[in-house]
Structures are given as structure tokens and as C-alpha cells.
Amino acid sequence: MAARRASSPLDERSLYAEYPFLPGAETLLGGESVSVRALLEEAAYATARSLGRTRIRAAADDPRGTRDLEELARADPEVRFLSFLFARIVLSAAPQPAPLRRWAVAEAKRGYGRMAEAPPDELGEIARRLGHALVLAAEGVAVPLVDYVQLATPIREAEFRLARQEVREGTVRVGRLRAARLLQEAVRRRLAQPVPLTDEVVARVRTQEAELFDELAQRMPLPVARPGGGMSPIRPDRFPPCIRRMQRTLQHGENLSHAGRFCLAAFLHRAGADAETIVDAYRGAPDFDESITRYQVEHITQRDGGRGYEPPECGTLRSHGLCARDGDPDAAAPADRARDPLCFDEHLRHPLQYYRLRGGTVLDRGDADEGPASAPAGSTGTPGGPGRARSTARR
Ligand code: SF4
């Protein structure tokens with residue numbers, strides 16, 4: 001997290017050093033034109049490269065961006081900017097998209113740490129440079145409705161929902177911290193997009209930073225199902241389209257809704273996955289936090305003597321936009337893009353039923369005989385209907 005600073009306005013040079021994601025930050029380099037090749041190779045930029053790798057590792061370990069980077073605080077503004085640029089180039093060339101998205105979250109959160117303490121004028125200036133017309137008013141910040149909807153939609157906290165906001169004359173009134181949180185989202189989006197690179201640069205980065213990419217793969221492993229309970233192997237290839245799409249979403253470092261996260265954990269548990277496998281499935285999430293994920297997985301899977309919550313039925317998943325039976329046009333594999341006929345069977349009611357019909361084994365992991373547990377009210381919005389989901393899953 002950034003160090004606290006006095007609330008005096010920043011000059012242009014310091015502004016770009018603190019917020020290297022702002023358009024125009026490259027002017028920090030003055031008349032000096034640093035080529036991508038030079039930044040990647042020349043000895044003069046070794047410190048910037050080293051600091052850039054530190055930024056990348058810090059994000060992989062802590063996407064909340066709370067870890068202090070003392071080296072960053074000590075570095076010259078130009079070196080800080082170049083380290084940011086180097087990290088962005090390297091991650092844009094990474095073989096997997098998840099590290100870039102994780103880094104985008106961490107850098108945006110680091111930016112939030114500063115924006116939350118910034119004087120109002122500075123906050124307004126950052127917003128303007130990011131293309132959002134936030135207006136500082138006596139009683140807070142006025143955010144144009146269109147901007148608010150665009151920035152707040154991916155934010156999962158309930159207090160950001162539009163229905164809970166005060167809308168006046170086409171603007172949403174928010175406090176300074178919420179304005180900073182909205183700008184954090186604007187930064188995350190900007191940084192989550194890879195910068196365009198030539199094939200030659202991508203190849204050069206992948207060769208030069210192979211060790212770093214290997215390290216990231218170790219720190220952020222892709223979800224791999226493992227046999228659970230010694231009873232039967234898990235068959236990810238037999239998972240229904242909805243579950244496969246949820247896995248891909250997380251593998252690609254994209255956000256998955258609360259309902260989707262709940263469903264995936266509950267499904268994997270009933271398909272026989274152990275806790276490690278389930279936690280692994282979330283490692284690609286842009287806001288992955290190991291301790292919180294373990295806590296939530298435990299909560300979902302340990303209910304009722306280990307039976308866990310029941311995954312939602314197909315109808316519930318459809319109402320949440322999580323059903324993928326029509327095929328996923330964004331998927332790479334033809335099988336994932338195609339419509340799945342089994343999902344249109346009039347008797348199919350539940351993802352576990354699909355898995356069972358395709359030859360997978362569904363475990364009843366608890367001792368209790370009564371109906372399945374329901375999801376906690378308000379936690380996901382996808383409660384399993386008592387008794388119904390379980391009975392249909394066994395068809
Ligand atoms: S029909 Fe059911 S099992 Fe098939 S994709 Fe939709 S929610 Fe999943």
C-alpha cells in the first residue's frame with residue numbers, strides 16, 4: 001500500500017509517478033525515447049526491470065495490493081514509471097491472461113490507496129484524465145449516471161448497486177471514498193487490457209522472462225481436478241457446460257458472480273473434489289485471496305456433516321445468466337461453443353444430474369438424511385430448493 005503523504009497538490013511529474021496508469025504518463029521520460037527493446041534489454045534499465053518483476057510478484061501473491069513495496073517508494077519517479085511499463089509489457093506477452101488481470105487489480109488497488117487520501121482537486125484531475133467527468137460538490141462527488149453504471153456494475157459490494165444510490169439531475173452522489181473506489185475500477189479495466197505488441201516482442205519477452213512465467217504458473221496454478229475421498233475420479237470432461245464456462249471464466253482471470261462462485265464450489269464438492277482442488281479453481285480470479293477463499297470453501301462444503309450446500313438447479317442458474325446450454329461463443333474449443341443437446345432434455349433439472357448422466361459420480365458426502373442445505377440468505381442469491389435439487393440430481 002502506498003505511504004501516506006501530505007495533502008498538497010502534486011506537480012505533473014509526481015502525479016504521473018504516483019499514477020503511472022494515467023494517459024500521458026510517458027511524458028515523465030521527457031525528450032528521452034525509451035524503446036521497448038531498450039527497456040527489455042539494456043543495462044541502463046536493469047533496476048526498472050527488477051522493480052517491474054517485483055510489482056508482478058507482489059500482485060501474484062497479494063492481489064489486494066496491500067503489500068508495501070519499499071523499493072517502489074524509494075525509486076525515482078522515472079524508474080517507477082519504467083518499472084510499471086516493463087511489468088505491463090511483460091504481462092501483455094504472458095502465455096496466460098490471468099497474471100495480467102491479477103496485476104491490474106493489485107495496481108488499481110494500490111492506486112486506490114493513494115486516491116482515497118488525495119485532495120479533492122487531485123481526485124477530480126485523475127478522473128478527468130481517465131475520461132470520467134466527476135464533479136466535486138459541497139456534499140460529495142457527483143458522478144454522471146452513465147459513468148456510474150459503467151464503473152459500478154462490476155463491483156460486487158451491495159452498497160454500490162444503483163438501486164441504493166441517490167440519483168439527482170442525472171448524477172449519482174457519492175462520498176470521496178466511493179468516488180476513489182469507482183476510479184479504482186476504471187484503472188483496473190484500463191490495465192486489464194494487454195498493450196499491443198509485435199510477435200517479435202512477445203517471443204522475446206517469453207524467452208527472456210521464462211523463469212518469471214514459470215514462477216507465476218506455480219503461484220497461480222490453473223484449476224486441476226484431483227480425485228477426492230478415494231472413491232472415484234473426477235471427470236472434468238463430463239462437467240456440464242455451465243460449470244465448464246465458470247471454470248474458464250476464472251482461468252482467464254475474469255470475474256465470476258457470487259452465484260457462479262457458490263455454484264462452482266458446491267458442484268465440485270459433490271463431484272468429489274477435495275478442498276485443495278476447489279480452492280485451486282479460484283486462483284485465477286482477479287480478486288483471489290487464499291484465506292478468504294479457504295474460509296468460503298469450507299463454509300460451503302462442511303455444512304450438514306460434510307454434505308455441503310447443494311448447487312443450484314438449472315432454472316436458478318438460467319435466471320442468473322449462468323446456464324451455457326446454447327454454447328459459449330467465446331470459447332476456444334468447438335465442443336464448448338456448440339449447443340449441448342443433453343441440456344435440452346425435458347427431464348434435465350440439475351447440473352449434477354447432467355454429470356451423472358454423462359458417467360460422472362456424484363457423492364453424497366454427509367450423514368444427514370434430510371433434504372439438502374440451502375444457500376445462506378443473501379450470500380449468493382441461489383439457494384438450493386430443500387429436497388428438490390438433491391432428488392433431481394439422483395435421477
Ligand atoms: S441446462 Fe443445466 S446443466 Fe445444462 S448448462 Fe444449463 S444450467 Fe448447466
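This text goes through a predicted model, starting with its strands, then its nonpolar cores, and ending with the ligand and helix α12.

Begin with strand β2, residues 140-144, which has a partner strand in two pairings. In one of them, β2 is joined by three bridges to strand β1, residues 135-137, and the two run antiparallel. Two residues lie between β1 and β2, and the strands form a hairpin. To find this pairing in the structure, look for valine 135, whose bridge partner in β2 is alanine 142. The other pairing is with strand β4, residues 171-174; here β2 and β4 are antiparallel, with four bridges. In this case valine 143 stands opposite valine 172 of β4.

Valine 143 also leads to the interior. The largest nonpolar core has 57 residues, and Val143 is among those with the most contacts inside it, together with Val90, Trp103, Ala179 and Leu183. Helix α5, residues 77-92, supplies the largest share of this core, 10 residues. Alanine 179 shows what such contacts look like: leaving out residues up to four places away in sequence, Ala179 touches Leu123, Leu134, Val141, Val143 and Val174. A grouping of this kind fits a general pattern, because nonpolar side chains tend to be buried together in soluble globular proteins.

Another core, of 33 residues, lies apart from the largest one; Leu250, Ala265, Ala281 and Tyr354 are among its residues. Two of these names return below.

Which residues are around the ligand? They are Pro240, Pro241, Cys242, Cys314, Leu317, Cys323, Ala324, Arg325, Cys343, Leu348, Pro351 and Tyr354. Three elements give two or more residues each to this shell: α12 (241-251), α17 (314-319) and α19 (351-357). By type, the shell divides into 11 nonpolar residues, no polar ones and one charged. Tyr354 thus appears both around the ligand and in the core of 33 residues.

Is helix α12 mostly covered or mostly open? It is mostly covered, with 10 of its 11 residues buried. The buried residues include Pro241 and Cys242, which are also in the shell around the ligand. Leu250, from the core of 33 residues, is buried in α12 as well. Charged side chains are not left out, since Arg244, Arg245 and Arg248 are on the buried list too. The buried residues of α12 pack against α13 (258-270), α17, α18 (334-337) and α19. Of these, α17 and α19 have already been named as contributors to the ligand shell. After α12 comes glycine 253, which has a positive phi, near 75°.

Terms used: Residues are numbered from 1 along each chain as its sequence is written. This is a predicted model: local features need pLDDT of at least 70, side-chain atom pairs count only at pLDDT 80 or more; totals for chains, interfaces and linings use all residues. A residue is near a molecule or strand if its C-beta atom, placed from the backbone, lies within 6 Å of it. A residue is buried if 20 or more other C-beta atoms lie within 10 Å of its own, exposed if 12 or fewer, and partly exposed in between; C-beta atoms are placed from the backbone. Two residues are in contact if their C-beta atoms, placed from the backbone, lie within 7 Å. A nonpolar core is a set of buried Ala, Val, Leu, Ile, Met, Phe, Trp, Tyr and Cys residues joined through C-beta atoms within 7 Å. Two strands pair if DSSP finds at least two bridges between them.
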